[in-house]
Amino acid sequence: MDDSVKSLLQRLIRRIPSQLLKTTLEKWGRLTAEQQQSLDFTQSKWMLTENLLAMCEENECTLRHIAELEVTYIMDYPNQGMWYAYQLMDPEDDAHCVELIQFKEQFKTHLRELVRHVSIIIKKHTDEAAWIRIAWGDTYTRPSHMKPTYIVHYLQSPYVFVSNLTSKNKPLLSQALLLSTRYQAIKDANLSGRKLTAIRDLLMRQYQQVFPTKYPSPLAEENQSITNPQIEKEQDKNAANRLQLAREAFGDGTLPQLQSAVYKLETKFRDQTNKTMTARDEPFKCVVKFASTNLLESLRDCASSGFASAPVTPLLSSISLKGKNYFVITDNGPGAATQTRRSQN
């Protein structure tokens, strides 16, 4: 093996937790059964890496083989970096007919026409998603496997999820995707996060939603200490109403683990007690960020418990209703209410 293969393998083994390494190597399938059994996963990472290097050298593993090991790990444990969602627009008539084999061939062909040196690996996940790993080079340099781009695309949907894509390579990837999926445009979905499954479920509505309806009956209160029937009835009604509105705004059951939402304000400053700021022609700019281990769950709990007012403001309910977590708030005109719009890249 040359130095580039060794360096990538060493970096990858250091990255994979020891308790996950055995399963990942089994799925990779490049080691013999005897080699797999001889590995002692209780050893230090240094010793384990040295043993794996010797085995891979014995098996004549190439740079592509090691890249496939990385893909195997990332597919099972994708929360390794920041993921950004994009939406394909204006499908052609045969867009829904594109299958994986056709997509793989056309994507590789189109991208290699745009980039002379590029390494592409495409695999199908058990959930039918096409996983793409791209190591980018250019006209004069070989592909760099140390910082690959990952793309996840569900072929029967217009959604694409991307991690570690530079602005230089973004137009190249966009063109290759459009040509191979039979769409005519692609836009930023204004949704990002470290948990791929969370932004996927939110954007593709793969969670239990609740639509506006009258609650069929009031919820039973856990606190039975209240004895006045009229007070108890009123509290039940209010609690049920808050819970219904919270569910309508954010969903029911287990929610996608979205970790943040960002609001960028570009509005007129309004405060008659501050003449200096109010008289400025330039818009007032600031950024507000909400963060939590599970933001949607936190917001739903605040609304249902009464800590936040109900009905929920559209600025917050738009996270789940529109499948976005990045908003720009602007003035719609003199005296008009604020509105959200898509950010420009």
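This passage looks at a strand residue, a loop histidine and the cysteines of a predicted model.

Start with Ile 132, which sits in strand β3, a run covering residues 129-136. Its relative accessibility comes out at 0%, so Ile 132 counts as buried, the cut-off being under 20%. Once neighbours within four places in sequence are set aside, the contacts of Ile 132 are with Phe 103, Phe 107, Ile 120, Ile 121, Ile 122, Thr 149, Tyr 150 and Ile 151. As for Val 152, this residue is 20 positions from Ile 132 along the chain, and the two C-alpha atoms are 6.3 Å apart.

Next up is His 145, found in the loop that runs between β3 and β4 (149-154). Being in a loop doesn't leave this residue out in the open: His 145 has 9% relative accessibility and therefore counts as buried. Its side chain makes a polar contact with the side chain of Arg 133, at 2.9 Å. Arg 133 also turns up among the residues that His 145 touches, along with Leu 8, Leu 63, Ala 67, Ser 119 and Ala 135, if residues up to four places away in sequence are not counted.

That leaves the cysteines. A disulfide is a covalent bond joining the sulfur atoms of two cysteines, and the structure has zero of them. Cys 56 is in no disulfide, and the nearest cysteine sulfur, belonging to Cys 61, is 4.1 Å away. A pair would have to be within 2.5 Å to count, so this one doesn't qualify. Cys 56 is buried, with a relative accessibility of 1%, while Cys 302 is partly exposed at 33%.

Methods:
Residues are numbered from 1 along each chain as its sequence is written. This is a predicted model: local features need pLDDT of at least 70, side-chain atom pairs count only at pLDDT 80 or more; totals for chains, interfaces and linings use all residues. Side-chain values use heavy atoms; hydrogens and water are left out. Helices (H or I, at least four residues) and strands (E, at least two) are DSSP runs, numbered from the N terminus. Buried means under 20% relative accessible area, exposed over 50%, partly exposed in between (1.4 Å probe, protein chains only). Contact means heavy atoms within 4.5 Å. A polar contact is a pair of N or O atoms within 3.5 Å; within protein, one must be able to donate a hydrogen and the other to accept it, and residues adjacent in sequence count only if both atoms are side-chain atoms.
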